[in-house]
Amino acid sequence: MARILVADDDVDIRELVEFKLSTLGHDVVAVADGASAVDEVQRQRPDLAVLDVMMPGMSGLDAVRVIRSDPALSDLPVILLTARAQESDVETGFDSGADDYITKPFSPRELASRVQALLTRTR
């Protein structure tokens, strides 16, 4: 299947996403912040990244911007997973370069479907 990076500072959310995607056969690497996410995608490019928006230090939005500015990573599919659900937040997420935007609370089944759809579209 796919190698997927998950970045979320909430351990419970991170483990839930990691568990759901792992049970579908994906190889999941999980980190707790945006800077670690950027380091990991630069070290070993995944097939897709799922990033929380609000993390300490570097936010998910900042991480997406860094990823998009790197020519080797600019086409990496990114899903933002966040509690920020205002229309302006969604717009900011897409403007930062995200390919999809999922609001918390979320259905693990919906997340799995969106991950699969994005992987299918970008492969």
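Here is a short walk through this structure, which is a predicted model.

Let's start with the charged side chains. The model has 12 salt bridges, and a good one to look at first joins E40 and R3, whose side chains come together at 3.0 Å, N to O. This pair ties together distant parts of the chain: E40 sits in helix α2 (residues 34–43), while R3 belongs to strand β1 (residues 3–7), 37 residues apart. If you look for them on the surface, bear in mind that both E40 and R3 are buried. For E40, the relative accessible area is 12%, and buried means under 20%.

E40 has another partner too. R43 makes a salt bridge with E40, and here the closest N and O atoms are 2.9 Å apart. This time both residues are in helix α2, with their positions 3 residues apart, or about one turn of the helix. R43 has a relative accessible area of 60%, so it counts as exposed. Step back a little and you'll find that R3, D27, E40 and R43 are linked in a network of salt bridges.

Now move further along the chain, to R114 and D100. They form a salt bridge as well, with their closest N and O atoms 2.8 Å apart. Again, the pair connects distant parts of the chain, with R114 in helix α5 (residues 108–122) and D100 in strand β5 (residues 100–103), 14 residues apart. R114 is partly exposed, at a relative accessible area of 26%, whereas D100 has 15% relative accessibility and therefore counts as buried.

What about the aromatic rings? The structure has 1 aromatic pair. It's made by F94 and Y101, with ring centres 6.3 Å apart and planes at 40°, so the pair is tilted. With 39% relative accessibility, F94 counts as partly exposed; Y101, at 8%, counts as buried.

Another buried residue to find is V28, which has a relative accessible area of 12%. Look for V28 in strand β2 (residues 27–31). From there you can hop across to P46: the two are 18 residues apart along the chain, and their C-alpha atoms are separated by 9.0 Å.

Let's finish on the surface. D9, D10, D12 and E15 gather there in a patch of negative charge. One of them, D12, is found in helix α1 (residues 11–23). D12 is exposed, because its relative accessible area is 57% and exposed means over 50%.

How values were computed
Residues are numbered from 1 along each chain as its sequence is written. This is a predicted model: local features need pLDDT of at least 70, side-chain atom pairs count only at pLDDT 80 or more; totals for chains, interfaces and linings use all residues. Side-chain values use heavy atoms; hydrogens and water are left out. Patches are made of residues with over 30% relative accessible area and no salt bridge: like charges are joined within 9 Å, nonpolar side chains (Val, Leu, Ile, Met, Phe, Trp, Tyr) within 5 Å. Accessible areas come from the Shrake-Rupley method with a 1.4 Å probe; for residues, only the protein chains shown count as cover. A salt bridge is a side-chain nitrogen of Lys or Arg within 4 Å of a carboxyl oxygen of Asp or Glu. Lys and Arg count as positive and Asp and Glu as negative; His and the chain ends are not counted. The place of a charge is taken as NZ of Lys, CZ of Arg, CG of Asp or CD of Glu. Helices (H or I, at least four residues) and strands (E, at least two) are DSSP runs, numbered from the N terminus. Buried means under 20% relative accessible area, exposed over 50%, partly exposed in between (1.4 Å probe, protein chains only). Rings of Phe, Tyr and Trp (its six-membered ring) pair if their centres lie within 6.5 Å; planes under 30 degrees apart count as stacked, over 60 as edge-to-face and the rest as tilted.
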